[in-house]
Amino acid sequence: MSLLLWPQGTPGALGEEAEDKPTLVPYLAEGPGVKPAVIVCPGGGYARRAAHEGDPVALWLNGLGISAFVVHYRVAPYQHPHPLSDARRAIRTVRHRAAEWNIDPARVGILGFSAGGHLASSAGTHYDAGNPESADPVERQSCRPDLLVLCYPVITFGPYTHEGSKMNLLGEGAPEELVTLMSSERQVNENTPPTFLWHTADDGAVPVENALFFASALSRSKVPFELHVYESGRHGLGLAEDHPEAHTWTQLCGTWLKKQGF
């Protein structure tokens, strides 16, 4: 089941094709009781969305008793603010339909890989409490995630950035104010949600400094975080089930999520 994020028409749509209509795919956890939820943002350099960082991750979260929602956010030729608008809309939608989906609206997190990690970190640093005057009931909901899980994320658009993600999201010659605004480590404050991060030290596509910058900013703002850096491993590992060391990230993250009340 795939749900349109904007059933009345997508703001800023360039056409009427499937890629012009961002969607949310629910994976509702089974069992009694109200469930926490996590929005999943696959990576792909803001040019595509990697399949192995979407549905399999949602199923892993289901195994932890967490309902998951894979967001098919807009990518190039769409630029900022459209991907962030889609991620924020996904969070609002889950909260709006929380009772229907048996979800606790106070336990809604967001998880992302690579450029999807940038999107998740952006959602955690650019949010609002909703517009109580909106005619659209979804827009009345807060879009602040309750926690972040960032997997080999793109974070900065300064030194150590991933140039492809920066180009696809901001375009060529983006003004310095926009570069700073969308460099997530520059936007952290004491209200940024608790965060779990992991990366590999020799990531050849997205330098480990991205995760280190964000962790350092969280530390300075006294925001709880957990950071794991594995010595070696290619970019884009996803669940990393076949990696001799990095496969442990899912267990470590599951423990952390439980500690956060998820």
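Reader: Is Cys41 buried or exposed?
Author: Cys41 counts as buried, because its relative accessibility is 0%; buried means under 20% relative accessible area, exposed over 50% and partly exposed in between, with a 1.4 Å probe and protein chains only. This is a predicted model, in which local features need pLDDT of at least 70 and side-chain atom pairs count only at pLDDT 80 or more, while totals for chains, interfaces and linings use all residues. Residues are numbered from 1 along each chain as its sequence is written, and side-chain values use heavy atoms, with hydrogens and water left out.

Reader: How many disulfides does a search of the whole structure find?
Author: The search finds zero disulfides, a disulfide being a pair of cysteine sulfur atoms within 2.5 Å.

Reader: Why no bond for Cys41, and which cysteine sulfur is closest?
Author: The closest cysteine sulfur belongs to Cys151, and at 10 Å from the sulfur of Cys41 it is too far for a bond. For Cys143 the closest cysteine sulfur is that of Cys41, at 13 Å, which is again too far; Cys143 is buried as well, at 0% relative accessibility.

Reader: Switching to the sheet, what is the strand order?
Author: Eight strands form an open, mixed sheet in the order S1-S2-S4-S3-S5-S6-S7-S8, where helices (H or I, at least four residues) and strands (E, at least two) are DSSP runs numbered from the N terminus, and two strands pair if DSSP finds at least two bridges between them. The edges are S1 (3–4) and S8 (225–230), each of which pairs on one side only.

Reader: And which helix packs on S3, S5 and S6?
Author: Helix H4 (residues 115–125) touches S3 (35–41), S5 (103–113) and S6 (148–151), and its direction makes about 140° with that of S5. Contact means heavy atoms within 4.5 Å, and axes are lines fitted to C-alpha atoms, for helices over the stretch in contact, with angles from 0 to 180 degrees between N-to-C directions.

Reader: What about H5, which of its residues are buried?
Author: They are Ser165, Leu169 and Leu170, and they lie on the same side of H5 because they cover an arc of only 95° around the axis, the arc being that of the directions from the helix axis to the C-beta atoms. The buried residues of H5 pack against H2 (82–96), H4 and H6 (176–181).

Reader: What does Ser165 touch?
Author: Leaving aside residues up to four places away in sequence, Ser165 touches Gly45, Tyr46, Ala115, Val154 and Phe157.
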